[in-house]
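Colleague: Please take a close look at one part of this model, the nonpolar packing. Which residues sit at the centre of the contacts, and which elements supply them?

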Amino acid sequence: MLEAVHHSPAATVGPVIAVVDDDAAARVSLVRLLDVSGYDVRAFDSGEAFLGAPDAATVACVVTDLQMPGGSGLDLQRALQARGHVVPMVFVSGYGTVSTSVEAMRQGAVDFLEKPAPPDALLEAIERAVAKGRTISVRHEQRLDVERRLALLTARERQVFDAVVRGLPNKQIGAELGIAVKTVKVHRGRVMQKMETRSVADLVRDAELLAAD
């Protein structure tokens with residue numbers, strides 16, 4: 001079940017926060033707190049309901065209970081990851097254990113708070129989650145851009161790219177690929193042009209971005 005908070009046309013709506021909790025009273029309390037704090041809130045009574053929402057992957061943060069009928073907060077976290085959706089999550093639960101909190105944090109949760117969570121602590125955790133989400137989004141866009149440029153390289157140019165970011169000089173690249181140094185320089189120039197880079201350091205940063213988790 002989805003419950004959306006309706007703002008007046010003049011209201012300034014902040015990032016979208018999803019609240020997932022089977023406890024109706026707790027859900028309403030969280031929604032009210034986040035609404036008055038300037039967030040655009042979507043409330044769900046289960047992880048399944050949230051996963052079925054068309055905009056599930058676009059929320060800035062998920063605030064979820066741990067133990068819920070039909071699937072726990074950890075199950076929701078795993079389901080989002082299985083879909084390739086990296087959504088920052090804040091767990092709020094009265095039944096947490098050290099092992100479950102460690103597992104949640106290991107899987108990327110921003111915080112794990114006990115119910116009833118102090119409003120200041122919850123809002124601070126959500127602010128960190130939203131900031132983390134922005135960083136993830138920027139890095140995702142940057143990675144897509146690198147992949148787009150990398151796709152322009154020929155097979156030989158990709159070999160040269162890989163060798164350059166490994167720090168190999170032209171002579172060693174030529175020996176490794178069985179081509180003349182002059183040819184290496186030609187390919188290297190084309191790599192720089194297609195990758196829209198000005199230095200080897202730029203190429204290395206692109207390679208590091210691709211290798212990042």
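Modeller: What follows covers the largest nonpolar core, then a second core and two backbone details in loops.

The model is predicted. Its largest nonpolar core has 22 residues, and those touching the most other members are Ile 17, Val 63, Val 90, Leu 122 and Ile 126. At least two residues of this core come from each of strand S2 (16–20), helix H1 (24–36), strand S3 (40–44), strand S4 (61–64), strand S5 (89–93) and H5. The most is given by H5, with six residues. In soluble globular proteins, nonpolar side chains tend to be buried together.

Leu 122 can be followed in detail. Neighbours within four places in sequence aside, Leu 122 is in contact with Leu 30, Leu 33, Val 63, Val 90, Val 92, Leu 113 and Ala 117. Val 63 and Val 90 also appear among the core members that touch the most others. Apart from this core there is a second, separate one of 20 residues, which includes Ala 18, Leu 76, Leu 80 and Ala 109.

As for the loops, Pro 116 lies between strand S6 (111–114) and helix H5 (119–150). The peptide bond leading into Pro 116 from Lys 115 is cis, with omega near -10°. Another loop, between helix H8 (181–194) and helix H9 (200–211), holds Glu 196. Glu 196 is not a glycine, yet its phi is positive, about 55°. The relative accessible area of Glu 196 is 55%, so this residue counts as exposed, the cut-off being over 50%.

How values were computed
Residues are numbered from 1 along each chain as its sequence is written. This is a predicted model: local features need pLDDT of at least 70, side-chain atom pairs count only at pLDDT 80 or more; totals for chains, interfaces and linings use all residues. Side-chain values use heavy atoms; hydrogens and water are left out. Helices (H or I, at least four residues) and strands (E, at least two) are DSSP runs, numbered from the N terminus. Buried means under 20% relative accessible area, exposed over 50%, partly exposed in between (1.4 Å probe, protein chains only). A nonpolar core is a set of buried Ala, Val, Leu, Ile, Met, Phe, Trp, Tyr and Cys residues joined through side-chain atoms within 4.5 Å. Contact means heavy atoms within 4.5 Å.
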